Amino acid sequence: MSHYPRKSYSQRLQAITRRHFFEQTGFGIGGAALWNLLGLDLSANPLQTEASESVTDPLRAKASHFPNKAKNIIYLFQAGAPSHLDLFDFKPTLQEMNGQDCPEELLSGERFAFIEGVPKLLGSPYDFKRYGQSGAELSELLPHLSTVVDDIAFIKSVKTTQFNHAPAQIFMNTGHQIVGRPSMGSWLTYGLGSENRDLPGFVVLLSGENDPDGGKSCWANGFLPSVYQGVQFRSQGDPVLFLTDPDGVTRSARRNSLDTIKTLNELHRKTVTDPEIDTRIASYEMAYRMQTSVPELMDIDAEPASIHEMYGTEPGQSSFANNCLLARRLIERGVRFVQLYHWGWDHHGNDSTNDIATALPKLCKETDRASAALLRDLKQRGLLDETLVIWGGEFGRTAMNEGRNQSKFIGRDHHPRAFTMWMAGGGIKGGTTVGRTDDFGYNIVEDPVDVHDLHATALHLLGIDHTRLTYRFQGRDFRLTDVAGNVITQILT
Amino acid sequence: MTAALSDRFVPRLFHDSEKTHCNSVAWADSASVETVHILLNYSSMWRRTSCTLAIIFSASLILNALDHEHLLNSTWSGQVDAIEFNRDILPIFENSCTVCHGPAIQEAGLRLDTEIAVLVGGISGHTFIPGESEDSLLVKHLLGQNVPQMPFNETPLPPKTIALIRSWIDSSKLTSFKTTTSSENASHWAYVKPERPPLPEVHTTDWARNPIDRFVLSTLEGENLSPSPEASSATLLRRLTLDLTGLPPTVQELDAFLADSSPTAYEATVERLLASPHYGERWARPWLDLARYADTDGYEKDLPRTIWKYRDWVIKAFNDEMSFKQFTIEQIAGDMLPNPTIDQQIATGFHRNTLSNKEGGVDDEEARWETLVDRVNTTASVWLGSTIACAQCHTHKFDPFSHEEYYKLLAFFNNVDYEIEIPDGLAQGESWVVEPELTLPTSEQAIQRQVISEELDRLRNTLETNTPELDTAQYIWESEVNQADNTWTILTPIEHKSEGGATLTRLRDDSILASGLNPEADTYTITATTEFRGITGIRLELLEDTSLPANGPGRDEEGNFFLSKFDVLIAPIGSPRLSTTLSFTDVMTNDWQAGYEVTRALREAQEAGGWALSEKGSKTQGTTQSVFLPTSPFGFDVGTHITVRLAHNMKRASRNIGRFRLSITTDGDPTTIVQVPISLHSTLKTPLANRTTKEASELASVHRTLTPLLQPIRDRIQILETRLVDLEIPTAMIIRERELDDRPSARMRFRGTFTLPGRKVFADVPNVLHPFPDGQELNRLGLAHWLVDDDNPLVGRVTVNRLWENLFGRGLVETSEDFGTEGATPTHQNLLDWLAVEFVEGNWSPKKILRTIVTSSTYRQDSRGHEALQNRDPYNLLLARGPRFRVEAEMVRDIALSVSGLLNRKIGGPSVHPYQPDGVWNRPYSDDQWIMSDGIDRYRRGLYTFVRRTAPYPSMTTFDAPSREFTQARRINTNTPLQALTTLNDPVFFEAAQHLAARIFRETDPRATIAARIRHAFRLVLSREPNHNELNALTQFYRQELARLDSNLVSAGHIVSGGPNPGLSTTELAAWTMLSNVMLNLDETITKE
């Protein structure tokens, strides 16, 4: 007796070419096979989209668990951890007590990266005002963001467990502090695929002085197949590694080689039953399309002057502003997850390159205008409703002046217990604020939100039940939210 | 039909039974009872497949909720089966008990979420006596007999449920905790030592070459399938050569093999390849994934490390046919062997491949702990195929490894040697863990090092010794320093301005004093004139003043300042238009604060930073000063107009200078005045006789670093130090055991959290597995022996399974990383067991097992398959055809290099840096650059490419190579457009195409036809002749490209640029290069078939 599912040959092919992608998931072939085994109607499974899918494309768009609020995500990752106290979370008490010894209750049992002894409290040197109909309170350092606060939900009570950059960034991206798990973008493209046939589903853009501390682990696929890893688009050289044909290889020559490769692969396919050859043929075709679509995408020259003015973009530059504009262009093209990293928010105050007085305003200048422009631009194109925009770093900063080695510069140490992030766009109730910290912006006193909650919420907005997006690895079903995660319902429409 | 096969198609989607790590069973909730019945029926056919358990369980849950009686009456299975804990009892406990007696909370020390835990009981003792439900504590509690009724303060369980629990107790065959080895978990096939199974009878008698084939054929016959015919000789040779050496066969090897008609031609080839030194390289590769081998630390800065000697050791071990037993013992505990050899110590590098966290602010003990955790997890994964990592936080949910046992294993590693090092130049309080290293000079290097070191010692000694001659020189020098002030001429300011609005007043001594407003970031401009020519230095003196906070010289509350930029404009007097900015070569000072060196005041304005005084310096009596050294002496004949700008560019700081004075000199050495640090100024002024020994020696030491008398010695020291570095003596990272009288121990960690230490446990091995070998001590060496004990049920299977996986693309157990109850069931259990026993009894020789496998008929089958077979067995689980899959990342590279003739076949040595695009390495707080290796080191095999964990070599990652943070048992093959772009356009691969083109021409007759050349290309790349259609397609391509290139000579020139030219016309060579590029991109090229 045989228990193989009876399927048509073409269905089998689909199953095989995608065997690594779906057999172990709640979506896809595993489920299909069972329903088949049971002789049940495939169409009865709401997650089953197999009938219409492409034979070989693991990135094909897939249905979500339930109707989504947003289709895509732009995540503006502020690497280095911006100071919530100087940007979003105004604390009059802290202002009043500026320069005084830090109260004992904030220090006992606490571990800092660099602070030693009894540090002094540090009020923000910046003015805060209320903006928009919602009256959201923002620092003078964010003049542009202040004009779009009514589209934004601020979460002032985010917390993490990590207080060093690399693990905290990796935690914020993968739900686990040690490298090796898939990142949020990988999970999403694994779960939902992408609507663009010519571009990767998960694109990463970097600006700032350095790559993020977590390195490529921040957008790694972990144990998911590597097709789901974030693809870094570069601003220097090839936007995608090896995108450009070698010198002397013209487009027509390349087309000719690809046709010949295809012919030879197809000839071979006739004698070999391995459907991986079909996948390879398809991947070469997509590579060819990427060679056209990526440079076209990266070329922002043709954008009107008004757009450049709005974002503060300068074609040819490697900047956060340019990346914001690219993010919009990627989302327009149906890319599922675009993640920007801007490195440099690590404002310890060792010297004027990383202090609150000079370096923080510089970072805000680099990012504020473009972040606001992105929201406005998405809105005017009707894309904001279907795009979730997330802004935030990997942790917050202390209410105390760090004063490492008796530094004379003001700066703040790492602070994992409370910080601010914001979300805007599809499914987000604009003009809301969730969560509250104490008088020092130090501990959360209302509605704590942890990293898994952020992930659960983002997945929820994309129509995914975070507890059901899983992948089996080393004997266990893993998910982005690990064993936790609650959707932050207060910020949902 | 075996259970294993159907297992492939059972979904994992409602796998996990417990809420913690799991999928919810959302859709199952709404499933009809009828569906559930189907599930149960399905599952009852195949117990013990991992999924089945979950299905039963999930279904039971639903039933449980619907109607307990239903379950009890067992209408679903038609009989009262033996009651199984996981299926029948656990759901009850989960529903009613585990909130208080579960993974999170264990009231009364009791947990009821695994069978073992139930059995062990809590503080009141065993929960039950098997077979005696009447007297069992558990039942008494459920009934409330003389003890509090459970669930506490909740509705008692229905009588029928209690009856079910009693039936379970009464039917239990368990007798004590130890007997759990016979429980459900323990009897999991993988925990039972394999025995050599009898060879199955088969109908076809002329196919099987060795026992492997008997097992495979028996399964096939059971499925009414026949094996595929043997693959063609050419295919077999390529398959075999790739499998055993990781390289494709050469054309000569191909011809020789095709020409050899002897019946043992194949076996002879197997022997030739197994003896190849490349065999070790090929088989080192998967081991290096397991060993998480990399060339960097992995965190933040991701600092480079030197551990390639370990890689060399692995390659050599494979080539030397070291038994896996010895291979294991040396890697786990080579240092503890009697009189360990250097190689045995290098082998311990296996566990030095852990990540190492040296980020600022890291807790060094926690960082060390993380490495121990990784060592435990890796050991379990590599040798036991077990996912023991779960037990770091809680007793393993599925496999029989307890939380406590985890820490007992960890204890074996807790006694390895380390030191806490406080690194130079880092912030106070920072430190990190340092483990031992071997320095491994060649004998020649050792001699050289000794010679150099001896001379260095002598010279340093000389440099530290005062002589009467030096004393005299010092006396003269001191007076020079003391007199140096006289060589300076004070500039009289004619103008002095504050941009920020401070009041600047010129005092009688021509110094400037600031008062009044103290703006947050002021800039002072002072102008003066001088008649001097040949000015060699400008001095800035910072003077104290009682009007300043803390007497100055700065205006911040501690009397300090922050000078961010020192600028000087000079112009001939009367010609302000000719003014130029003075450039400086250097600046020296006698006081500064770490991080605020005076050189920062010379940086470009937009660069941050500046000069500030040390805490001590700003409060001493001496004069703080800096001497700025112009690039060349200046001073106009007509006199010079000097404008000095002092910028204090620090917002909200108000750290401006309070009182200062400018002067100039024409002295030959303007720096004399600042040669003595301000901290020694008082010593300088103290007469010799009154100086303390310490003061005297400090000042003498400063003098000796400056005096021309010792310049030759200082020069020589510098040369020798450089030479020492240039010796490039290799090092190796090793493990070393600390002296210990007691058995190694470790503290448990509550829920795995480092900051929550629990009780101390001593080194021991998990209960469920074989006993610790007699005569071995409970230490790391004993552990090593235990891992490769003949009684270990796992290690043989796990190891042969990996060998199989590398050859067939899929292990007999697909989850080669997990042989636990959650792993995949073996497709051919008997075959696996046979191989495992064969391996252990065959002196643990991987080479022997490989020989057995590759000489089997199973391995030698054609891989092409046919549609019916493809339809029937798409994953080739039944092995009715040969393996066909895309080769691993390193082989993709090695094939291109090899067929083009570029490959450098050197074996071993430090990691190399082949071509890599710019910008791949861009790490915060790290300036490390990828510097391309010289010459032929660029063409080394893939396994020698430098692995930077946070920025791995792009083309390797694209082809699924891991970044080696953690042990990885298998790579999952993907097939993506980025791979296509890599082999099409990566300069490494295009260069290979250029060389392949030249080679095609070089190795064929100059008058050869296009067809003949294409044939040669095919033989080089694919080890076979092209068929008619393939030949036509490529011929046509070649002609089209040639025509195109003839009309586009520029394009042709670019295509061949940088490549070799064997004497072809540029256009022809370019066309062959394009054709070679096509060849290197065929599916077949990067596929083993």
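This passage describes two cavities and two residue environments in a predicted model.

The largest cavity encloses about 860 Å³ of space. Its lining comprises 46 residues, and those nearest the centre of the cavity are Phe808(B), Gly809(B), Arg810(B), Phe885(B) and Asn973(B). Both chain A and chain B contribute secondary-structure elements to this lining. From chain A, helix H2 (19-22) and helix H10 (276-298) each provide at least two lining residues. From chain B, at least two residues each are provided by helix H14 (277-290), helix H26 (795-808), strand E19 (885-886) and strand E20 (1087-1088). When the lining of the largest cavity is divided by class, 19 residues are charged, 16 are nonpolar and eleven are polar.

The second largest cavity has a volume of about 170 Å³. A set of 19 residues lines this cavity, with Glu890(B), Thr945(B), Val947(B), Met956(B) and Arg964(B) lying nearest its centre. Two or more lining residues come from each of H14 and helix H31 (954-958) of chain B. Helix H14 of chain B also supplies at least two residues to the lining of the largest cavity. The lining of the second largest cavity consists of ten nonpolar, six charged and three polar residues.

Attention then turns to individual residues. Asn656(B) is located in the loop that connects strand E14 (640-647) with strand E15 (659-665) of chain B. Asn656(B) is classed as buried because its relative accessibility is 0%, below the 20% limit for that class. Two polar contacts involve the side chain of Asn656(B): one joins it to the side chain of Asn518(B) at 2.7 Å, and the other to the side chain of His648(B) at 3.5 Å. Both partners also appear among the residues in contact with Asn656(B) when neighbours within four places in sequence are set aside. The other residues in that set are Pro519(B), Ala521(B), Asp522(B), Tyr524(B), Gly554(B), Arg555(B), Asn560(B) and Phe561(B).

In chain A, Arg255(A) forms part of helix H9 (residues 251-271). Arg255(A) counts as partly exposed because its relative accessible area is 22%, a value between the 20% and 50% limits. With residues up to four places away in sequence excluded, Arg255(A) touches Glu285(A) and Tyr288(A). Arg255(A) and Glu285(A) are 30 residues apart along the chain, and their C-alpha atoms are separated by 9.6 Å.

Technical notes:
Residues are numbered from 1 along each chain as its sequence is written. Chains are lettered from A and ligands numbered from 1 in the order in which they are written. This is a predicted model: local features need pLDDT of at least 70, side-chain atom pairs count only at pLDDT 80 or more; totals for chains, interfaces and linings use all residues. Side-chain values use heavy atoms; hydrogens and water are left out. On a 1 Å grid over the protein atoms alone, a cavity is a set of points where a 1.4 Å probe fits but cannot get out, and a pocket is an open set with protein on both sides within 12 Å along at least five of seven lines; lining residues have an atom within 4 Å of a point. Grid points are joined across faces, edges and corners, and a volume is the space filled by probe spheres set on the points. Helices (H or I, at least four residues) and strands (E, at least two) are DSSP runs, numbered from the N terminus. Ala, Val, Leu, Ile, Met, Phe, Trp, Tyr, Cys and Pro count as nonpolar, Asp, Glu, Lys and Arg as charged, and the others, Gly among them, as polar. Buried means under 20% relative accessible area, exposed over 50%, partly exposed in between (1.4 Å probe, protein chains only). A polar contact is a pair of N or O atoms within 3.5 Å; within protein, one must be able to donate a hydrogen and the other to accept it, and residues adjacent in sequence count only if both atoms are side-chain atoms. Contact means heavy atoms within 4.5 Å.
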